[in-house]
Amino acid sequence: MELFRNRINKNNIPEHVAIIMDGNGRWAAKHGKPRVMGHEHGVESVRSVVEGAGEIGVKHLTLYAFSTENWDRPKEEVEALMGLLVYAIEAETESLMKNNVRLSAIGDVEAMPEKVREKLNACIEHLNDNTGLNLILALSYSGQWDIVNAVKKLVDDTVAKKIEVEEINNKLFNKYLATANVPDPELLIRTSGESRISNFLLWQIAYSELYFTGKLWPDFRKDDLFEAIFDYQNRERRFGKTSEQLTS
Ligand code: IPE
Ligand code: IPE
Ligand code: MG
């Protein structure tokens, strides 16, 4: 079978792809390894997908790396994940630089250990002038956190009379979300066979195309991303209209 890279339409690449990177633990179990080895192998998938997204001209790639709920995992696993983040950010910075990738983060980053924040901020700063793919890491993120956080800021601005209640609409609300400067994802991918959102982007996926694959995250590579994009390209996005309206 020909690679999906050669089958996708280069003129219809989604601007923003979001991925729920799931299945590291099951990958490790399948290979008789401790869970953290699954997370480690997941870093190779991130590298491949970031490269692939850049190559075909995706503008924004949001990766769900750690959810608000993931804080409830065993302490050892949370610590291992934080350590891996520090290591991976450091190890990948130069290859991100070479690929002209910019980096940003969404979520309650203040809740992350200081060491993670330091590395993250240094990397964001280092890649600041790049003009290629915008890689967005969702860290200590959840969709409900994002919405509540937006509401707090909106209320503050309303009380301070910076905005009027009558001005509040979808477009204005969007500006208060962590993704304010990014268009909503056209495509949301989840690996590992689970068909749920797990509190990832909620507001932002109102009209996203959802793609679920059974592949475990550590087995996912750039051509799997291209396959998801190929699938996306063969869907009809109607936004509430009829099919006839779109084709006439
Ligand atoms: C995803 O893999 C990584 C994170 C949530 C941080 P999991 O660790 O959830 O892997 P499974 O779902 O247990 O297989
Ligand atoms: C979602 O995966 C969070 C990330 C991928 C970071 P989980 O493995 O935490 O999701 P649930 O708990 O199975 O829904
Ligand atoms: Mg999981």
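In which strand does serine 140 lie? I looked this up first and found serine 140 in strand 4, residues 134–141, where a strand is a DSSP run of E of at least two residues, a helix a run of H or I of at least four, both numbered from the N terminus.

Before going on I noted that this is a predicted model, in which local features need pLDDT of at least 70 and side-chain atom pairs count only at pLDDT 80 or more, while totals for chains, interfaces and linings use all residues. Residues are numbered from 1 along each chain as its sequence is written, chains are lettered from A and ligands numbered from 1 in the order in which they are written, and side-chain values use heavy atoms, with hydrogens and water left out.

**Backbone entries.** I noted that serine 140 has a positive phi of about 50° although it is not a glycine, and that serine 140 is buried, with a relative accessible area of 3% (buried means under 20%, exposed over 50%, partly exposed in between, with a 1.4 Å probe and protein chains only). I then turned to serine 192, also not a glycine, whose phi is positive at about 85°; serine 192 is placed in the loop between strand 5 (187–190) and strand 6 (209–212), and counts as buried at 7% relative accessibility.

**Ligand 1.** I listed the residues around ligand 1, counting those with a heavy atom within 4 Å of it, and found among them Met21, Asp22, Arg35, His39 and Leu81. Helix 1 (24–30) and helix 2 (35–56) each supply at least two residues of this shell, and helix 1 gives the largest share, three residues. For polar contacts, here pairs of N or O atoms within 3.5 Å, I found an oxygen atom of ligand 1 at 2.8 Å from an N or O atom in the side chain of arginine 35, and one at 2.9 Å from a polar backbone atom of glycine 25.

**Ligand 2.** I found that the residues surrounding ligand 2 include Ile20, Tyr64, Phe66, Ser67 and Ser198, and that strand 2 (residues 60–67) contributes the largest share of this shell, four residues. On the polar side, a side-chain atom of arginine 196 lies 2.7 Å from an oxygen atom of ligand 2, a polar side-chain atom of aspartate 22 lies 3.2 Å from an oxygen atom of ligand 2, and for an N or O atom in the side chain of arginine 190 I noted 3.3 Å.

Definitions and conventions: Polar contact = N/O pair within 3.5 Å; in protein donor to acceptor, adjacent residues only side chain to side chain.
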